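Reader: I would like to go through the labels attached to this model and see what each one rests on. Please set the values against the cut-offs.

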Amino acid sequence: MERNPVKDGFSSLSQMAEELFGKGVRIVSREPLHGGDINDAYRVKLSAGEDIFVKVNSLGRADFFRKEAAGLAALGSSEEIGVPRLLGFGTDRQEGIAFLALEYIKSAPAIPAYWETFGHELARLHKAKCQSFVGSEGKYGFTENNYIGASPQKNTPREKWTDFFRECRLLPQLTMAESYLGASLRKKADRLLERLDLYLREPEFPSLLHGDLWGGNVLCGGDGRAWIIDPAAYVGDFEADLAMTQLFGSLPERFYQAYHEINPMEKEGYLQRRELYNLYHLLNHLNLFGRMYLGSAAEIINKYGS
C-alpha cells in the first residue's frame, strides 16, 4: 500500500477498515498496548489478516490526530528514515472517540549497525529539502500549528530562526508557566528572550525536524532499523532534534558519530544552544506534568537570564 497523504478523516474505524482493506473487512479484536501518557493505543486485528496500530482519545482530540498525521506524512515523504505508514484518522461518534491508524510496526532484533544507520538516516532527513512544509512566508515553522505532547505548538513562519524560537517556542511556554515561575524568574526569562540572539545561531540551512525526539519515540522495527513515531514536526535548526536526544539521557555515542559523518555540526557554542533548545521541552513538561520540572527549567533561566 502506498503512503497516504493527509486527507479528510474517516467517520468510523469500520469505514476506514473497509475503505482501505476491502469491502466486508471488519475489526476482529483490539489488544491494548502500553507506553503512551496521553492516548490509549491498540493493536487491532482485521478479518483480512492485517494488524494495524490505532491511537484513541476523546472526540475533542480529533484535531490532535489530524496534526500528528500531517507530521507523519511530512517526515515520511522524505523517504530517508523509517516512519510508520499513515492509514488514516477520524472520529467514531458511535464509540465516542477520535482515532489515528498507522501500520503496525513489528519488533525484531536490531541490526549490528542499528545506531550508525539511525544516525545516517536522521542526518539525511535533516539535510533534505523542506521549504514546502513552511510555504513562502518564511524559512522556519510549519504549514499549520500542531502539538508538542498535549500542548499547543505554534508554527507561524519566520524568516529568522532566533525569532521563531523566541516567539513560537519559548514565549508561549513561558506564558503558560507564569504561575510556576513567579515574578522574579519570569523577569529573568524575559531577559533571556531579549538576549537570545547572543546564544543561538542562524543555521546554514533549515531542516525538517521530528520535534520530540527522545528515546521513547524511537522503535526498532521488523527490519531491525530505527523507526520514529509521535512527531511534533516543524522546520527548524537540526540541533534542536539532537538536543532532545540528550535531554533524558543521550543515545549511544556511535549514533552521534555516524550523524556527524553525514551532517557535521558546529561544536562551538552547542552546549549552551542545547540547554536553550531543551528549555522548551522542560517548560512543556512543567506545564503538562507539574513542579517536578521547575528546578531544571529554573536552572537554565537563571544561567542565561541573570
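Reader: Which residues is T245 in contact with, leaving aside its neighbours within four places in sequence?

Author: In this predicted model, T245 touches L213, S250, L251, F255 and Y256. A contact here requires heavy atoms within 4.5 Å. T245 itself sits in the loop between α7 (238-244) and α8 (253-262).

Reader: What makes T245 count as buried or exposed?

Author: The relative accessibility of T245 is 3%. Buried means under 20%, so T245 counts as buried.

Reader: Why is K129 called exposed?

Author: K129 has 85% relative accessibility, and the label exposed applies over 50%. K129 therefore counts as exposed. Its place is the loop between α3 (114-127) and β6 (146-148). From V54, K129 is 75 residues away in sequence and 30 Å away in space, C-alpha to C-alpha.

Reader: How do you know which class P112 belongs to?

Author: By the cut-off of over 50% for exposed, P112 is exposed, because its relative accessibility is 80%. P112 is found in the loop between β5 (97-103) and α3. P112 and G224 are 112 residues apart in sequence, with 8.7 Å between their C-alpha atoms.

Reader: What is notable about phi of E79?

Author: Phi of E79 is near 55 degrees, a positive value in a residue other than glycine. Most residues other than glycine have a negative phi. E79 lies in the loop between α2 (62-77) and β4 (86-92). At 72% relative accessibility, E79 counts as exposed.

Reader: And why is D230 called partly exposed?

Author: The value for D230 is 28% relative accessibility. Buried would need under 20% and exposed over 50%, so D230 counts as partly exposed. D230 is in the loop between β10 (226-228) and β11 (234-236). Phi of D230 is also positive, near 50 degrees, and the residue is not a glycine.

Reader: Why are α5 and α10 described as oblique to each other?

Author: Two packed helices are described by the angle between their axes and the distance between the axes. For α5 (residues 178-194) and α10 (residues 294-305), the axes come within 8 Å and cross at roughly 40 degrees. Angles under 35 degrees count as roughly parallel, and 65 to 115 as roughly perpendicular. The angle falls in neither range, and α5 and α10 are therefore oblique. The crossing of α5 past α10 is left-handed.

Reader: Which residues make the contact between α5 and α10?

Author: On α5 they are Y180, L181, L185, K188, A189, R191 and L192. On α10 they are L294, A298, I300, I301, N302, Y304 and G305. By class, the contact has 10 nonpolar, 2 polar and 2 charged residues.

Reader: How do you know whether the radius of gyration agrees with that of a compact globule?

Author: With 306 residues, a compact globule would have a radius of gyration near 19 Å. The protein has 20 Å, which agrees. Along the principal axes, its C-alpha atoms fill a box of roughly 65 × 45 × 40 Å.

Reader: What share of the residues counts as buried, and how many helices and strands are there?

Author: Of the 306 residues, 52% count as buried. The protein has 10 helices and 11 strands. Among contacts between residues at least 6 apart in sequence, 66% join residues at least 24 apart.

Notes:
Residues are numbered from 1 along each chain as its sequence is written. This is a predicted model: local features need pLDDT of at least 70, side-chain atom pairs count only at pLDDT 80 or more; totals for chains, interfaces and linings use all residues. Side-chain values use heavy atoms; hydrogens and water are left out. Axes are lines fitted to C-alpha atoms, for helices over the stretch in contact, and angles run from 0 to 180 degrees between N-to-C directions. Helices (H or I, at least four residues) and strands (E, at least two) are DSSP runs, numbered from the N terminus. Angles under 35 degrees count as roughly parallel, over 145 as roughly antiparallel, 65 to 115 as roughly perpendicular and the rest as oblique. A crossing is left-handed if the near helix is turned anticlockwise from the far one by less than a right angle, and right-handed if clockwise. Ala, Val, Leu, Ile, Met, Phe, Trp, Tyr, Cys and Pro count as nonpolar, Asp, Glu, Lys and Arg as charged, and the others, Gly among them, as polar. The radius of gyration is taken over C-alpha atoms; the globule rule is 2.2 Å times the number of residues to the power 0.38. Buried means under 20% relative accessible area, exposed over 50%, partly exposed in between (1.4 Å probe, protein chains only).
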